[in-house]
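Let's take a walk through this one together, starting from a single pair of residues and working outwards. Have the model open so you can follow along.

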Amino acid sequence: MTIIYEADRRYAHHLATLLGEAVVVESAQALVEQVNTDRDEQLVLFGPGAPLADAVEFAGQCRLRRPELGVILLRPELDVQVLADALKAGVREVVDPSDHAALLAASARSRDLSRQLVQKQARPTGRAAVPGGPAPSPAGFEEAAEAQVITVFSAKGGCGKSTVATNLAITLAQGNKATGGRRVCLIDLDLAFGDVAIMLQLSPQRTIVDAVPVADRIDETGLRTLLTRYEPGPGVSVDVLLAPVQPAQAEEVTRDLITEVIHLARGMYDFVVIDTASAFTEQMLAALDATHHYVLVATPELPSLKNLRVTLDMFDLLDYRREARTVVLNRADSKVGLSMTEIEKVIRVPIVGFVPSSRDVPLSANRGVPLAAGQPQHPVSGAIRELAEKRFLGTAPVKRGIFARKKG
């Protein structure tokens with residue numbers, strides 16, 4: 001059951017009807033009494049008529065004393081300072097009350113997070129030693145698994161990098177018969193000219209640049225408020241962190257912020273897929289440093305292959321492990337006068353993934369429905385799925401601290 005704090009009774013009734021089973025309170029004192037009465041409640045909704053100060057104070061207390069109790073704030077208009085104060089206090093999401101779909105989605109995400117926190121608290125912290133097995137972790141700490149971070153990179157634009165990234169994220173979210181669906185976050189780090197929003201037809205109401213004012217104190221709750229959910233099919237979803245709308249805002253996103261965002265996402269998902277800009281900027285190096293697997297995309301054209309070779313040499317200089325690199329040839333069946341032998345002679349590494357050329361790719365981009373979502377049996381979708389099956393699905397979880405960069 002949801003607790004709704006809203007002084008306007010008619011609007012409170014509207015919210016209760018929208019959310020289903022709910023109880024309405026009209027004051028901070030009544031809210032505290034209700035929360036203390038129902039210790040199993042996991043969501044409090046502060047309506048637009050509830051004082052902001054009450055929401056901030058209540059969220060701050062819950063963050064310390066009862067973190068499994070989620071707080072959502074409804075506000076039709078929100079400036080940066082209000083958002084910063086709300087996130088700092090521990091409000092999980094701030095939603096426009098007129099957007100009913102966003103409100104329902106935010107409530108579902110908050111409840112899901114609360115269930116995970118409750119399960120985490122109930123989980124035993126220590127492990128008994130098993131004869132002949134590994135010793136238990138010291139001081140009762142478990143060796144936790146985290147998301148596999150997959151960065152899709154190409155040093156030349158126009159190679160289909162964003163196409164591979166978006167379709168790969170959807171394919172991983174779909175999972176397979178053995179693994180089922182996976183929790184996936186797609187991050188668009190082509191900060192000046194990101195295409196993920198338009199390729200998925202997502203409205204960029206919030207982007208990574210909205211994290212800049214709270215960069216020094218952002219947490220998982222704050223990150224969730226910046227994500228836009230994409231649902232390509234029943235039971236399948238991808239949380240997307242979109243690139244800034246204005247290219248000038250790209251410089252506001254620092255290397256440290258990118259590192260922190262990826263760090264937070266690793267603890268929240270099974271896979272984090274990163275689409276990147278075609279340059280070795282400080283921001284891109286931050287993403288590459290935090291990556292477990294590199295998907296390097298090229299097309300069968302000499303300029304693209306040359307840039308791929310330069311990228312591989314740069315990766316050697318940066319000490320990124322060779323076994324963590326996966327070369328994907330996009331538009332692999334294009335008749336451009338280069339044989340596969342000639343291509344591999346230029347790049348001097350084996351090609352793992354082959355994505356065929358198809359006019360359906362730009363058509364799907366124009367429709368905002370990637371082929372992995374709209375046409376899962378398409379040859380392009382099949383090639384991406386084969387790549388996912390071969391390299392990512394079914395692999396063991398990544399242990400904390402294991403990255404593609406060599407030690408030392």
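Start at Tyr294, whose bridge partner in strand 13 is Arg325. Keep in mind that you're looking at a predicted model. That pair belongs to a longer match: strand 12 (residues 293-298) and strand 13 run parallel and are joined by five bridges. To get from strand 12 to strand 13, the chain goes through helix 11 (residues 302-317), and the resulting β-α-β crossover is right-handed.

Strand 13 has a neighbour in strand 14 (residues 353-355) too, again parallel, with three bridges between them. Here you can use Val328 as your marker, as it sits opposite Gly353 of strand 14.

Now look at the side chains of strand 13. As a rule, side chains in a regular strand alternate between the two faces of the sheet. In strand 13, Arg325, Val327 and Leu329 point one way, while Thr326, Val328 and Asn330 point the other, and all are buried. With six of its six residues buried, meaning under 20% relative accessible area, strand 13 (residues 325-330) is therefore largely enclosed by the rest of the structure.

Next, head back towards the start of the chain. There, five strands make an open sheet with parallel pairing, and their order is 2-1-3-4-5. The edges are taken by strand 2 (22-25) and strand 5 (93-95); each has a single partner strand, so one side of each has no neighbour in the sheet. From one strand to the next, the twist averages 25 degrees.

Strand 5 finds its partner in strand 4 (residues 70-74), with three bridges in the parallel sense. If you want a residue pair to pin this down, take Ile72, which has Glu93 in strand 5 as its bridge partner. Over by the other edge, helix 2 (residues 28-37) lies across strand 1 (2-5), strand 2 and strand 3 (43-46), and it runs at about 170 degrees to strand 1.

Last stop: a pair of helices. How do helix 6 (residues 161-174) and helix 15 (residues 379-391) cross? Their axes come within 9 Å, at an angle of roughly 60 degrees. That falls short of the 65 degrees where roughly perpendicular begins, so helix 6 and helix 15 count as oblique to each other. The crossing of helix 6 past helix 15 is right-handed. On the helix 6 side, the contact is made by Val164, Asn167, Leu168, Thr171, Leu172 and Gln174, which meet Ile384, Arg385 and Ala388 of helix 15.

Methods: Residues numbered from 1 in each chain as written. Predicted model: local features only at pLDDT ≥ 70, side-chain atom pairs only at ≥ 80, totals over all residues. Heavy atoms only, no water. Pairing = 2+ DSSP bridges. Helix = DSSP H or I, 4+ residues; strand = E, 2+ residues; numbered from the N terminus. Axes fitted to C-alpha atoms, helices over the stretch in contact; angles between N-to-C directions. Contact = heavy atoms within 4.5 Å. Buried < 20%, exposed > 50% of the residue type's maximum accessible area, 1.4 Å probe, protein only. Right-handed = clockwise from strand over helix to strand, strands pointing away. Parallel < 35°, antiparallel > 145°, perpendicular 65-115°, else oblique. Left-handed = near helix turned anticlockwise from the far one by under 90°.
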